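Visitor: I would like to go through the pockets and the cysteines. Could you show me the structure?
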Amino acid sequence: MAHPVSAKQILALRLRSLRIDPIGTGDVAGTVRHLLATQAQDFGQAAWAIGLRSPGTGRSDVLAALERGEVVRSLPMRGTLHFVASEDLRWMLDLTAQRMLQSAGARFAALGLDRQTLDAAEGVTRAALAGGGSLSREEFMALLSANGIAPDGQRGYHVIFYLCQLAVICWGPPSGTQQAIVLVDEWIPATPDRDRDEALASFALRFFASHGPATERDLAWWTKLTLRDVRAAIASLGDRLTTLSHEGIDYLIATDALADGIPAAPRPAVQALPGFDEYLLGYQDRSLALETEHAWRIVPGNNGVFFPMIVSRGEVVGSWRRNPKTSIAEPDYFLRPTASQLVAFGRAAKKFERFTSG
């Protein structure tokens, strides 16, 4: 039987599951491993997503985890860049890549990327990177061009996407403000094959442990797995998941995540969350945390770009930006902020500033 909860209780539990409030205690790799995957097309903001959940760490600690190969960046879900723990990449792609490639088939055809061209791209990539090689994005595009594979018109990006889906390449060691492309099989130690049903169950359990309470449709949206697969995975987990109910909708959370009970509401705290943070992106329906009338202030034009967010008592109440001249985080509230909110945001901004300089 589902346990009834309020919207505030759902938000409080999500803050806890996502290690935002209270903040986590793990190192960089441990934080990424707990989150399972965190969206990372904006490198700097994605680094802060890890840092804010890993107290005492700085940007240099994130770079060090990338240099050691503990964390990598690839395209395991939704055709979008994510940070994942290196040991998780292969089994995630085993579950998601086929559907991603099928959905991209028409786009590949429109770009003239037939199997012969893609096979050729794979061959030159393996040859160029073999023996511990690495390439920046620009160097990779030049490699394609030098081998008669024009990278213009998004062709180069789609070649990268294809090779990532095959687990041929990923982004590994730091390279300037980004990462270098490397061969997965050289950069990531071998990992054992996983039974598909076991992998699906692990995917579901870890999602609801790190993002719960969430719905089955949230998981299907997040992974792009079929609802049939999602429901089978949920059913296999039995009492390892607990069902909560709000306004007729069932939400799931890992039972272990309720060991400390269900809080009545989020604490009166303010967080400076990065753009693309899982607190908003991790759910198909984001209305519990972000009122619809203000959504355009975080996702202007609904174009897939998410601004950094100010969260107060679990609700998104504004955005913020880093002043490029002063490096200071500056708030932009939806409504006139209270004096206590301004003071609390100042404390949250200081954490961001310490992280970027650390």
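Guide: The pockets come before the cysteines here. This is a predicted model, in which local features need pLDDT of at least 70, side-chain atom pairs count only at pLDDT 80 or more, and totals for chains, interfaces and linings use all residues. Residues are numbered from 1 along each chain as its sequence is written, and side-chain values use heavy atoms, with hydrogens and water left out.

Visitor: How much space lies in the largest pocket?
Guide: About 450 Å³. A pocket is an open set of points on a 1 Å grid over the protein atoms alone, where a 1.4 Å probe fits, with protein on both sides within 12 Å along at least five of seven lines. The volume is the space filled by probe spheres set on the points.

Visitor: Which residues lie nearest its centre?
Guide: Of the 22 lining residues, I23, L52, R347, A348 and K351 do; lining means having an atom within 4 Å of a point.

Visitor: Which element supplies the largest share of that lining?
Guide: The helix α16 supplies six residues; helices are DSSP runs of H or I with at least four residues, and strands are runs of E with at least two.

Visitor: Switching topic, how many disulfides does the structure hold?
Guide: Zero, where a disulfide is a pair of cysteine sulfur atoms within 2.5 Å. For C164, the nearest cysteine sulfur is that of C170, 7.3 Å away.

Visitor: Is C164 buried or exposed?
Guide: C164 is buried, at 0% relative accessible area; buried means under 20% and exposed over 50%, with partly exposed in between (1.4 Å probe, protein chains only). C170 is buried at 1%.
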